[in-house]
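Let's work through a few side-chain contacts together. Have a look at the model first, then try each exercise before reading its solution.

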Amino acid sequence: MSVILRPGKSSAIEASSLSFDGMTRVELIWLEKQTEFWIRFGNGAGEQVLDRSRRVVFFMPGSVFAFVRWAANDYGTVVSRIDIVRTMAPGRSYQTLPFVRPGGEILLKIEGWAEVEKVLRHVDAIEGLGIHPAEVDPDHWRHVAHWMRAGEAPRPYTAERHAAWLRRREIGK
């Protein structure tokens, strides 16, 4: 097994002193046309390669990521799901989620490939604004989940809303 650090926010952490204690672990699987679990966005702190088809990605407390799961059998798709999750600090309450240890705060949970694709297009639109989806107001992901469950289109995320979120977050610190 090997550990790989991703460049970015976590690059200041020395590999020799890196401890994955207190981090959220997400198991990713890639078996072509059978089981495909991947991270759509998020700032991972590192990853551990288990074998050719499996790896574990680690997230610091407070990180937001999108976890997409798709699986099929001989008769077709059996799972299509996207979850947008905020990781929690040790000792905090959390919701459990398969392949996510220990769990996190589930901001959005959408099932069914047609609906998952709508969320992925929504993420693409946010990225088109030059905003990293992991930095989006968590309330927006809840809004998207609620409106989609009601069968309606969610409001788009805007640069103005993002600026307001960043100001609120700064004041709250």
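**Exercise 1.** Work out what the side chains of Lys118 and Glu115 do, and where the two residues sit.

Solution. Start with the contact: Lys118 and Glu115 meet through their side chains in a salt bridge, at 3.2 Å from N to O. That label calls for a side-chain nitrogen of Lys or Arg within 4 Å of a carboxyl oxygen of Asp or Glu. Next, place them: both belong to helix α1 (residues 113-128), 3 residues apart, or about one turn of the helix. Helices (H or I, at least four residues) and strands (E, at least two) are DSSP runs numbered from the N terminus. Finally, check exposure: Lys118 is partly exposed at 41% relative accessibility, and Glu115 is partly exposed at 26%. Here buried means under 20% relative accessible area, exposed over 50%, and partly exposed in between (1.4 Å probe, protein chains only).

A word on the ground rules: this is a predicted model, where local features need pLDDT of at least 70 and side-chain atom pairs count only at pLDDT 80 or more, while totals for chains, interfaces and linings use all residues. Residues are numbered from 1 along each chain as its sequence is written, and side-chain values use heavy atoms, leaving out hydrogens and water.

**Exercise 2.** Find the parts of the chain that the salt bridge between Arg161 and Asp137 ties together.

Solution. The side chains of Arg161 and Asp137 meet at 3.7 Å, N to O. Arg161 lies in helix α3 (residues 159-172) and Asp137 in the loop between α1 and α2, so the bridge ties together parts 24 residues apart in sequence. Then compare the burial classes: Arg161 is partly exposed at 24%, whereas Asp137 is buried at 2%.

**Exercise 3.** Decide whether Arg69 and Asp83, another salt-bridged pair, are buried or exposed.

Solution. The bridge spans 3.6 Å, N to O. It links strand β6 (residues 64-73), home of Arg69, with strand β7 (residues 76-86), home of Asp83, 14 residues apart. Arg69 has 6% relative accessibility, so it counts as buried; Asp83, at 0%, is buried too.

**Exercise 4.** Classify the aromatic pair of Phe41 and Trp141.

Solution. Rings of Phe, Tyr and Trp (its six-membered ring) pair if their centres lie within 6.5 Å; planes under 30 degrees apart count as stacked, over 60 as edge-to-face and the rest as tilted. Phe41 and Trp141 are 5.7 Å apart, centre to centre, with 25° between the planes: stacked. Phe41 is in strand β3 (residues 35-41) and Trp141 in helix α2 (residues 138-149), 100 residues apart. Both Phe41 and Trp141 are buried.
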